[in-house]
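Q: I would like a close look at one part of this model: the aromatic side chains and the framework around them. Could you take me through it step by step?

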Amino acid sequence: MKVLITGAGQDSSLSTYYHMKRGDSVYVLTRRRTDGLTEQMEQVVNILGQSPVFVHADLTEYENVFEIVRELKPDMIYHYGAMSFVPYSYDNPIYTAQVNELSAYAILEAVRKHSSGTKVFLPASSEVFGKPVEYPQRLSTPLAPVSPYAISKVALLYIADYYRKVWKLNVYDFITFNHESELRGEEFVTMKIVKNLVKKGHVKLGNIEARKDWGYAGEYVKIFNKVMESEEPNRYMICTGVIATVKDFLKYVMSKVGGTYEIDQSLYRPIDAENMTCDIDEVPIRPRYMWWDVADIMIKYIKDGVPTFTEVLV
């Protein structure tokens, strides 16, 4: 099987590991970096002892993205590549839209014209619900984005719908709730908490009352693949059905490794999407790892360098 994965962050790296372990031909579309691979992808390559084929293009180079898809004609595409850091999107809404929306058009147009049998995975986000009008969220819950990032993900849902309904393409769009792993970047609050408390014994945080549903990304990428292999193209959602505050996560990690924290008002978002969890009955494959499991996995990795995804992605 030929698999094209965009991006080189957490989910891209985990999917790369999973498909290479299965013996698939994996191509990773990522921008060329002067400092080499991302930390996440480098870790995966080192563990595997081999590398995927890297094809270089920026996601805003739409013609190049189109040509890569046209030439490869992959069996599966995971379009993880995105501007995914919500706070950044407030100051960079145009760039966020360009990367997150137009690159999807480029990929799907190439599939429509040159590789119509390709299965395409498009990840949306629970951020599309913003300040949810119902709890838990369902596929029928009205969308109410409160950030440029979330707006771009709402657009992605409509783009997926259009190509699935009008052009009958095999598009799987997932509304994914928060999912973390040992490969998460420190700019995200979970890894910020774990890394700072383990290494420095102290962490500065913004709003610790925000309520989230955190799953394990290593498990989620496997579920994405299983759904694409066994289910019809459609819209899906994935969550654990268990909600916790940032403070809950913080206190749990402190109970394991100690440390202190302080609140920094400058780290607050203009508005926080919160009370995020979905109706577990609408999840196609229920996850087993809960937020406290994720915290343990991250602590083990930061303290001892021992990854868990190698055990899960088999």
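A: Let's begin with two of the rings: Trp214 is buried, and Phe249 is buried too. Please keep in mind throughout that this is a predicted model.

Taken over the whole structure, a search turns up 18 aromatic pairs. One of them joins Phe121 and Phe174, whose ring centres are 5.5 Å apart with the planes at 45 degrees, so this pair counts as tilted. Phe121 belongs to strand 5 and Phe174 to strand 6, so their contact ties together parts 53 residues apart in sequence. Both Phe121 and Phe174 are buried. The two rings we started from make another tilted pair: Trp214 and Phe249 are 5.4 Å apart centre to centre, with 55 degrees between the planes. Here, too, distant parts of the chain are linked, since Trp214 is in the loop between strand 9 (211–212) and strand 10 (215–216), while Phe249 is in helix 9 (residues 246–257), 35 residues away.

Phe121 and Phe174 also have wider company. Together with Tyr78, Tyr80, Tyr172, Phe224 and Tyr236, they form one aromatic cluster. Elsewhere, two arginines sit over rings. Arg112 lies over the face of Trp167 at 4.2 Å from the ring centre, and Arg184 lies over the face of Phe188 at 3.9 Å from the ring centre.

Now for the framework. An open sheet of 7 strands, paired in parallel, runs in the order 3-2-1-4-5-6-11. Strand 3 (53–56) and strand 11 (235–238) are the edges, and each has a single partner strand, so one side of each has no neighbour in the sheet. From one strand to the next, the twist averages 20 degrees. Helix 5 (residues 93–114) packs on this sheet, where it touches strand 1 (2–6), strand 4, strand 5 and strand 6 (170–176), and its direction makes about 170 degrees with that of strand 4. Helix 8 (residues 217–230) lies across strand 4, strand 5, strand 6 and strand 11, at about 140 degrees to strand 4.

Strand 4 deserves a closer look. In a regular strand, side chains alternate between the two faces of the sheet. On strand 4, Met76 and Tyr78 point one way and Ile77 and His79 the other, and all of them are buried. Strand 4 (residues 76–79) runs parallel to strand 5 (residues 119–125), and 3 bridges join them. Met76 stands opposite Lys119 of strand 5, and Ile77 has Val120 of strand 5 as its bridge partner. Strand 1 and strand 4 also pair in the parallel sense, over 4 bridges, with Leu4 and Ile77 as bridge partners.

Helix 5 gives us a handy geometry check. Its 22 residues should span 32 Å at 1.5 Å a residue, and its end C-alpha atoms are 31 Å apart, which agrees. Among its buried residues are Thr96, Val99, Ala104, Ile107, Leu108 and Val111.

Ile107 shows how helix 5 and the sheet meet. Ile107 is buried, with a relative accessible area of 1%. Setting aside neighbours within four places in sequence, Ile107 is in contact with Thr6, Val65, Val69, Ile77 and His79. Ile107 and His79 are 28 residues apart in sequence, and their C-alpha atoms are 8.4 Å apart in space.

Thr6 brings us back to the aromatic residues. Thr6 is in strand 1 and is buried, with a relative accessible area of 0%. Beyond residues up to four places away in sequence, Thr6 touches Ser12, Leu29, Leu59, Tyr78, His79, Tyr80, Gly81 and Ile107. Of these, Tyr78 and Tyr80 are members of the aromatic cluster.

For a contrast with strand 4, look at strand 8 (residues 202–205). There, Val203 and Leu205 point to one face and are buried, whereas His202 and Lys204 point to the other and are not. Strand 8 pairs with strand 13 (residues 260–263) in the parallel sense over 4 bridges, and Lys204 stands opposite Glu262 in strand 13.

Conventions
Residues numbered from 1 in each chain as written. Predicted model: local features only at pLDDT ≥ 70, side-chain atom pairs only at ≥ 80, totals over all residues. Heavy atoms only, no water. Pairing = 2+ DSSP bridges. Helix = DSSP H or I, 4+ residues; strand = E, 2+ residues; numbered from the N terminus. Axes fitted to C-alpha atoms, helices over the stretch in contact; angles between N-to-C directions. Contact = heavy atoms within 4.5 Å. Expected span 1.5 Å × (residues − 1). Buried < 20%, exposed > 50% of the residue type's maximum accessible area, 1.4 Å probe, protein only. Phe/Tyr/Trp six-rings, centres within 6.5 Å; stacked < 30°, edge-to-face > 60°. Lys NZ or Arg CZ within 6 Å of the ring centre and 35° of its normal.
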